[in-house]
Amino acid sequence: YNVLKTEGNFNNEVGLPLTILKIRKEHEVAVIEMGISEFGEMHRLSKVARPDICVITNIGQCHLENLKTRDGILKAKSEIFDYMNELGYVVLNGDDDKLSTVKDVNGITPIFFGFNSDNNVYADNIVNKGLFGSEAVMHMEDGEYPINVTLPGEHMVYNALAAATVGRILEMDIPQIQAGIEKVQPVGGRSNIIRAPKYTVIDDCYNANPVSMKAAIDLLASAEGRKVAILGDMFELGVKEKEMHADVGRYAAEADIDVICCVGELSKNMYEGAVSALKSANKTLSQVVYYVTRDEMLCKLDDVLKVNDTILVKASHGMHFEAVVEQLKD
């Protein structure tokens, strides 16, 4: 297909209409990302986009400041169904405890994907190849097929299953779907592996929440050699933001990351969580450091890095950690 897709972070009430206005007669499919932070926003985006196929990948912990709970996030994301094609399709992650409760959408039965064999489309025999992605066997109603997901992280296997499900809805054949999954390339800031002269950089600085932070830490932990996590503030988490930052710090410490750099006002809690976890476990593996600002960290980063380190860079978009990636690439 000739596909138009959302570029960068053009996924809100300004960016989505601008993306749709780029549709030309040669385009056959438009893949439109819809991002929200409050109730009513997805309703308005759906009214503009009028989706034929609605895909929801998970109900995480982002935007809790306005949406309060994961049930609130489910309710807000479900507004995507308000203006969808009445003959359209709904594709949901059946392993997500919230999405799995959605059994009917205005008479439409969702198609579920995941790792559990109860899903309509599922993967098993998953082989984690660390920074080089995963291999798996994908099961559909007409058979089972090997897939090679070149992007790292278990969550990318979920994304491949979602994409494959949409491909079948659009009557693509299995070889086309397998080839598409294998050819996919990362975009800047989203699990993009950069082989720099001194370091291997995991550029995941597009955005962050507790769930995606932990997934990125898991990915870093799978790398060979010395591992460094440069982690910054996560925004819009609501009243439990301090506890959530501390929890990410503990998680990083327990993952045996060699150096943990925490950056930003909220990340002071991340730093304290990491230090507390290391003390409780009597561990001395990790070097944990704290910087108030990104610029302070950039000035002192060489003090903690070594040649051939694998370095994760992740924070909310407002921390502008793309500057960190640029410095590490030199």
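Let's start with Ser-191. This residue lies in the loop between α6, residues 174-183, and β9, residues 192-195. Keep in mind that we are looking at a predicted model. Phi of Ser-191 is near 50 degrees, so to speak on the unusual side of the sign: a positive value in a residue other than glycine. Buried or exposed? Ser-191 is buried, at 3% relative accessible area, which is under the 20% cut-off.

Asp-256 has a positive phi as well, near 60 degrees, and it is not a glycine either. Its place is the loop between α8, residues 241-254, and β12, residues 259-263. Asp-256 is partly exposed, with a relative accessible area of 32%.

Next, the core. The largest nonpolar core holds 49 residues. Which residues have the most contacts inside it? They are Phe-81, Leu-92, Leu-231 and Ile-260. Helix α7, residues 210-221, supplies the largest share of this core, with five residues. As background, nonpolar side chains in soluble globular proteins tend to be buried together.

Now the aromatics. How many aromatic pairs does a search of the whole structure find? Two.

Take Phe-115 and Tyr-158. Their ring centres are 4.0 Å apart, and their planes are at 20 degrees. Planes under 30 degrees apart count as stacked, so this pair is stacked. Phe-115 lies in the loop between β5, residues 111-114, and β6, residues 121-128. Tyr-158 lies in helix α5, residues 154-169. The pair therefore ties together parts that are 43 residues apart in sequence. Tyr-158 is buried, at 16% relative accessible area.

The other pair is Tyr-271 with Tyr-290. Here the ring centres are 6.0 Å apart and the planes are at 40 degrees, so the pair is tilted. This pair also links distant parts of the chain. Tyr-271 sits in helix α9, residues 267-280, and Tyr-290 in strand β13, residues 287-291. They are 19 residues apart. What about exposure? Tyr-271 is partly exposed, with a relative accessible area of 25%. Tyr-290 counts as partly exposed too, at 22%.

Staying with rings, on to charges. Over which ring does the charged end of Arg-190 sit? The ring of Tyr-206, at 3.7 Å from its centre. The charged end of Lys-75 sits over the ring of Phe-39, at 5.7 Å from the centre of that ring.

Now a pocket. The second largest pocket has a volume of about 230 Å³. Which residues line it? Going through the list: Ile-111, Asn-120, Val-121, Met-140, Glu-141, Asp-142, Thr-165, Arg-168 and Ile-169. By type, the lining divides into four nonpolar, two polar and three charged residues. Helix α5 gives the most to this lining, with three residues. We met α5 a moment ago, as the helix that holds Tyr-158.

Last topic: individual positions, and some C-alpha distances.

Val-91 is in strand β4, residues 89-93. Its relative accessible area is 0%, so Val-91 is buried. How far is Val-91 from Asn-116, C-alpha to C-alpha? The answer is 15 Å in space, with the two positions 25 residues apart in sequence terms.

Asp-96 lies in the loop between β4 and β5. Asp-96 is buried, with a relative accessible area of 9%. Asp-96 and Tyr-1 are 95 residues apart in sequence. In space, their C-alpha atoms are 30 Å apart.

Towards the start of the numbering, Glu-7 lies in the loop between β1, residues 3-5, and α1. At 46% relative accessibility, Glu-7 is partly exposed. Glu-7 and Thr-19 are 12 residues apart in sequence and 7.9 Å apart in space, C-alpha to C-alpha.

Finally, Ile-23. This residue lies in the loop between α1, residues 15-20, and β2, residues 29-31. Ile-23 counts as partly exposed, with 38% relative accessibility. Where does Val-263 stand relative to Ile-23? The two are 240 residues apart in sequence, and 40 Å apart in space, C-alpha to C-alpha.

Technical notes: Residues numbered from 1 in each chain as written. Predicted model: local features only at pLDDT ≥ 70, side-chain atom pairs only at ≥ 80, totals over all residues. Heavy atoms only, no water. Core = buried A, V, L, I, M, F, W, Y, C linked by side-chain atoms within 4.5 Å. Buried < 20%, exposed > 50% of the residue type's maximum accessible area, 1.4 Å probe, protein only. Helix = DSSP H or I, 4+ residues; strand = E, 2+ residues; numbered from the N terminus. Phe/Tyr/Trp six-rings, centres within 6.5 Å; stacked < 30°, edge-to-face > 60°. Lys NZ or Arg CZ within 6 Å of the ring centre and 35° of its normal. 1 Å grid on protein atoms, 1.4 Å probe; cavity = no way out; pocket = protein on both sides within 12 Å on 5 of 7 lines; lining within 4 Å. Points joined across faces, edges and corners; volume = space filled by probe spheres on them. Nonpolar A, V, L, I, M, F, W, Y, C, P; charged D, E, K, R; others polar.
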